[in-house]
Amino acid sequence: MPRQLGELEDAVMTRVWQWNRPVTVREVLEDLQQERSIAYTTVMTVMDNLHQKGWVRREVDGRAYRYTAVSTRAAYSAALMNEAWSQSDNPAAALVAFFGMMSAEQREALRDAMRIVLPTLPEDIVQPTGEEAGEEAGEAAGEGGAERVEAADDAEPDPGR
């Protein structure tokens with residue numbers, strides 16, 4: 001499991017992920033300098049550390065290296081979420097609380113993901129019924145959030161699953 005990236009590591013990796021091509025220290029430096037004062041050697045050290053940690057691979061290009069991400073930002077985020085969830089003493093309660101914090105857009109993204117990962121699920125599981133759609137509208141307006149989080153504390157996993 002990857003540990004969470006530090007602030008500067010994340011800033012560097014964000015560029016590597018966004019550009020989605022081999023990048024040099026100089027390119028990352030010039031982009032970072034638009035928002036902060038930072039030295040070439042600092043960026044070079046961070047990129048070397050990211051290479052040592054397995055986040056990027058590098059190839060020699062003349063007298064410099066070109067760095068490429070080993071995985072996607074989505075994979076990194078998923079690994080962090082999985083690690084946080086697996087650390088819970090009550091995974092079902094953690095999921096209930098997490099789902100309770102989601103915006104309507106995030107819940108729709110979750111439904112889309114479920115359709116992809118579990119295409120054989122009954123449609124009512126991935127598509128809210130009329131009553132659930134109304135509940136979601138209320139939740140989006142801020143109703144019921146505290147009850148859902150409190151209920152998460154009492155949730156027990158279903159042993160049949």
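**Helix packing and a hairpin in a predicted model**

α1 passes α2 in a right-handed crossing. I start there, and the rest of the talk builds outward from that pair. One caution before I go on: this is a predicted model.

Stay with the two helices. Their axes are 11 Å apart, and α1 and α2 pack at an angle of about 110°. An angle from 65 to 115 degrees counts as roughly perpendicular, so α1 and α2 are roughly perpendicular to each other. Who makes the contact? From α1 come Leu8, Ala11, Val12, Arg15 and Trp19. From α2 come Glu27, Val28, Asp31 and Leu32.

Pick out Arg15 from that list. Arg15 lies in helix α1. Is Arg15 buried or exposed? The cut-off for buried is under 20% relative accessible area. Arg15 has 7%, so it is buried. Now its contacts, leaving aside neighbours within four places in sequence. Arg15 is in contact with Val28, Asp31, Leu32 and Glu35. Val28, Asp31 and Leu32 are also on the α2 side of the helix contact.

Next, the loop between α1 and α2. Asn20 lies there. Asn20 has a positive phi of about 50°, although it is not a glycine. Exposed means over 50% relative accessibility. Asn20 comes to 67%, so it counts as exposed.

On to the second helix pair, α2 and α3. Here the axes come within 9 Å and cross at roughly 120°. That angle makes α2 oblique to α3. The crossing is again described as right-handed, with α2 passing α3. On the α2 side we have Val25, Arg26, Val28, Leu29 and Leu32. They meet Tyr40, Val43, Met44 and Met47 in α3.

Look at Val43 on its own. Which residues does Val43 touch, not counting residues up to four places away in sequence? The list is Val25, Val28, Leu29, Leu32 and Ile38. Val25, Val28, Leu29 and Leu32 are on the α2 side of this pair.

Third pair: α1 and α3. These pack at an angle of about 80°, with their axes 10 Å apart. So α1 and α3 are roughly perpendicular to each other. In α1 the residues are Leu8, Glu9, Val12, Met13 and Val16. In α3 they meet Thr42, Val46, Met47 and Leu50.

Now put the pairs together and look at the core. The largest nonpolar core has 22 residues. Val12, Met13, Leu32, Val43, Met47 and Leu50 touch the most other members. Which elements give two or more residues to this core? They are α1 (7-19), α2 (25-32), α3 (40-52) and β2 (64-69). The largest share, six residues, comes from α1.

That brings in a strand, so let me turn to the hairpin. Strand β1 covers residues 56-61. β1 and β2 run antiparallel, and six bridges join them. To place one on your screen, take Val56: its bridge partner in β2 is Ala69. Then go to the turn. The hairpin has two residues between the strands. Gly62 in this hairpin takes a positive phi near 70°.

Stay on β2 for one residue, Thr68. Thr68 has its place in this strand. How much of Thr68 is accessible? Its relative accessible area is 25%, so it is partly exposed. Leave aside neighbours within four places in sequence. Thr68 is then in contact with Val16, Pro22, Trp55, Val56 and Arg57. Take Pro22 from that list. Thr68 and Pro22 are 46 residues apart in sequence. In space they are 4.7 Å apart, C-alpha to C-alpha. Val16, also on the Thr68 list, is one of the α1 residues that meet α3.

Last, the whole chain. The protein chain has nine helices and two strands. From the N terminus, the elements run α-α-α-β-β-α-α-α-α-α-α. I have covered the first three helices and the hairpin. Of the 161 residues, 24% count as buried. And consider contacts between residues at least 6 apart in sequence. Among those, 48% join residues at least 24 apart.

If you open the model at your desk, start at Arg15 in α1. Then go to Val43, and finish at Thr68 in β2.

Note on methods: Residues are numbered from 1 along each chain as its sequence is written. This is a predicted model: local features need pLDDT of at least 70, side-chain atom pairs count only at pLDDT 80 or more; totals for chains, interfaces and linings use all residues. Side-chain values use heavy atoms; hydrogens and water are left out. A nonpolar core is a set of buried Ala, Val, Leu, Ile, Met, Phe, Trp, Tyr and Cys residues joined through side-chain atoms within 4.5 Å. Buried means under 20% relative accessible area, exposed over 50%, partly exposed in between (1.4 Å probe, protein chains only). Helices (H or I, at least four residues) and strands (E, at least two) are DSSP runs, numbered from the N terminus. Contact means heavy atoms within 4.5 Å. Two strands pair if DSSP finds at least two bridges between them. Axes are lines fitted to C-alpha atoms, for helices over the stretch in contact, and angles run from 0 to 180 degrees between N-to-C directions. Angles under 35 degrees count as roughly parallel, over 145 as roughly antiparallel, 65 to 115 as roughly perpendicular and the rest as oblique. A crossing is left-handed if the near helix is turned anticlockwise from the far one by less than a right angle, and right-handed if clockwise.
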